[in-house]
Amino acid sequence: MTIPEHLQHLVRSDEPLAPLVWLGIGGPAHFFAEPVDPDQFAGVIKWAAENGLPTRVLGSGSNVLVRESGFDGLVVSLGAAATSVLSIDGERLTAGAGGKLSHAVVKAIGGSLGGLEHLVGIPGTIGAAVVGNVSSGGRDIGSVVERVRVMLPDGTIKQIEQDEVGFTHRKTSLDGMTIVEVDFKLEPGDPVALTKRLQKLWIARNSSRPTDFDRIAMPFIDPDSLSARELIQNVGLAGIREGAASLDSAQPHYLVAHEGATSDQCLKLIERVREQVLLQTGIDLQLNLQIW
Ligand SMILES: Cc1cc2nc3c(=O)[nH]c(=O)nc-3n(C[C@H](O)[C@H](O)[C@H](O)COP(=O)(O)OP(=O)(O)OC[C@H]3O[C@@H](n4cnc5c(N)ncnc54)[C@H](O)[C@@H]3O)c2cc1C
C-alpha cells in the first residue's frame with residue numbers, strides 16, 4: 001500500500017519500534033505516524049480505517065513487547081505536545097491522552113487536587129493508563145475518571161461517561177479504541193499534605209522496582225487480592241532465564257531484557273512462568289504486557 005500524497009509528510013514506512021519501547025527489542029512498524037495536531041491525528045486514523053490497516057496507539061512503550069517481525073499495520077505515537085495538554089477547571093483535570101501520568105499527578109497537586117497521587121511512579125501516558133485501568137495500592141485510575149473522549153475510525157470524537165466505560169480489575173471495555181482525552185473528577189486537598197503523601201508513595205514504589213536495569217516490563221496482572229510477585233517467588237521462579245531474558249531475582253514480577261535478548265525469548269519466559277504458576281497453584285496469570 002502506498003501512502004497518499006496528503007499524508008506523506010506525516011506517515012513513515014518501516015519505522016524501528018525497538019528504540020520506542022522500554023524493552024528495547026522487536027521489529028519495525030510497517031507504517032508509523034506522530035501527529036502533532038488533532039486534524040493530523042484524525043486524518044491518519046481515517047486513512048488506516050478506510051484501508052483496513054490494523055492500528056495501534058503507542059504511549060511511552062512501557063507495556064508493549066514488539067515481536068521480531070514487527071507490527072504489520074499503522075502505529076500512531078502520541079508523543080507530540082498537542083496530544084499531551086493538561087488543564088484544570090475547578091475540580092476537573094482534563095488530560096490529553098499523550099500526557100504523562102506522572103505530569104498529571106503533579107499538575108493535580110499543584111492545583112490543590114487529590115485523587116491521582118497513589119498512582120505516582122507508574123510509568124506511561126494517560127491514554128494507556130485509562131485503557132488498562134492501572135492501579136496501585138488497591139485503587140484503580142477508573143475511580144477518578146469522569147469521562148473519556150475516543151476517536152472513531154472516521155476521525156470523529158465520541159464521549160464516553162465513566163459508568164459506560166466498564167472499568168474492572170485492570171481492564172476496560174475501551175480495548176481497541178483510540179483515547180484522545182480524559183476528564184478526571186478530583187477532590188480538593190491541601191497541596192502540602194498531598195505532596196507529603198506523594199513523596200512517601202514515591203519512595204515506597206522506587207524501593208519495589210529493579211534498580212540495576214532499564215529495560216524492564218511488568219508482564220502480569222496481580223490476580224484479585226493476590227500479588228503476582230509473591231506467587232512467582234513462592235513457586236521458585238525468581239531470577240529464571242530464557243536466553244538473555246530473565247525475571248528479576250529480587251522483584252520477580254519484572255521481566256528484564258538483557259543485552260542480546262529477543263522478543264521470542266521474552267515470550268517463552270512468560271509462557272514458562274504462566275505454565276508453572278498454573279501447575280503449582282491453579283492460578284492462570286493474566287498478561288498485562290501487550291504483545292504486538
Ligand atoms: C517499571 C514499571 C512499573 C509499572 N508499574 C505498574 C503499576 O504499578 N500498576 C500498573 O497498573 N501498571 C504498571 N506498569 C505497567 C505500565 O506502566 C502501564 O501499563 C502503563 O499504563 C503503560 O503506559 P504507556 O504509555 O507506556 O503505554 P504503552 O506501553 O505505550 O501502551 C500500552 C497499551 O496501551 C495502549 N494505548 C496507549 N495509548 C493509548 C491511547 N491513547 N488509546 C488507546 N490505547 C492506548 C497501547 O496500544 C498498548 O496496547 C508498570 C510498568 C513498568 C515498566
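**Getting to know a three-domain chain**

Biologist: Let's start with Leu 10: does Leu 10 count as buried or exposed?

Modeller: Leu 10 counts as buried, because its relative accessibility is 6%. With a 1.4 Å probe and protein chains only, buried means under 20% relative accessible area, exposed means over 50%, and partly exposed is in between.

Biologist: What should I know about the model before we go on?

Modeller: This is a predicted model, where local features need pLDDT of at least 70 and side-chain atom pairs count only at pLDDT 80 or more, while totals for chains, interfaces and linings use all residues. Residues are numbered from 1 along each chain as its sequence is written, and side-chain values use heavy atoms, with hydrogens and water left out.

Biologist: Thanks! Back to Leu 10, then: where does it lie, and what does it touch?

Modeller: Leu 10 lies in the segment before β1 (11–16). Helices (H or I, at least four residues) and strands (E, at least two) are DSSP runs, numbered from the N terminus. Leaving aside residues up to four places away in sequence, Leu 10 touches Phe 32, Ala 33, Glu 34, Pro 35, Gln 40 and Val 44. Contact here means heavy atoms within 4.5 Å.

Biologist: How far is Leu 10 from Pro 35, C-alpha to C-alpha?

Modeller: Their C-alpha atoms are separated by 6.9 Å, although the two residues are 25 residues apart along the chain.

Biologist: Let's zoom out. How many helices and strands are there in the chain?

Modeller: The chain has 7 helices and 19 strands. Its radius of gyration is 19 Å, close to the 19 Å that the globule rule gives for 292 residues, so the chain is as compact as a globular protein of that length. That radius is taken over C-alpha atoms, and the rule is 2.2 Å times the number of residues to the power 0.38. The C-alpha trace spans about 55 × 55 × 30 Å along its principal axes.

Biologist: And what share of the residues is buried?

Modeller: Of the 292 residues, 47% count as buried. As for contacts with a separation of 6 or more, 63% come from residues 24 or more positions apart.

Biologist: Which domains is the chain divided into?

Modeller: There is domain 1 (5–81), domain 2 (84–206) and domain 3 (216–291). The bounds come from an automatic or database domain assignment. The centres of domain 1 and domain 3, taken over C-alpha atoms, are 27 Å apart, and 11 residues of domain 1 are in contact with 15 residues of domain 3.

Biologist: New topic, pockets. What is the volume of the second largest pocket?

Modeller: The second largest pocket has a volume of about 230 Å³. Its lining has 15 residues, and the closest to the pocket centre are Pro 38, Ala 82, Thr 83, Val 180 and Glu 181. On a 1 Å grid over the protein atoms alone, a cavity is a set of points where a 1.4 Å probe fits but cannot get out, whereas a pocket is an open set with protein on both sides within 12 Å along at least five of seven lines; lining residues have an atom within 4 Å of a point. Grid points are joined across faces, edges and corners, and the volume is the space filled by probe spheres set on the points.

Biologist: Which element gives the most to that lining?

Modeller: α1 gives the most, with 3 residues. The elements giving two or more residues are α1 (38–50), β11 (145–151) and β13 (178–185).

Biologist: Where does this pocket lie?

Modeller: Domain 1 (5–81) and domain 2 (84–206) both give residues to the lining of the second largest pocket, so the pocket lies between them. The lining divides into 9 nonpolar, 3 polar and 3 charged residues. Ala, Val, Leu, Ile, Met, Phe, Trp, Tyr, Cys and Pro count as nonpolar, Asp, Glu, Lys and Arg as charged, and the others, Gly among them, as polar.

Biologist: One last thing: what is phi of Asp 14?

Modeller: Phi of Asp 14 is near 50°, a positive value in a residue other than glycine. Asp 14 sits in strand β1 and counts as exposed, at 53% relative accessibility. Arg 170 also has a positive phi, near 60°. Arg 170 is in the loop between α4 (162–165) and β13 and counts as buried, at 15% relative accessibility.
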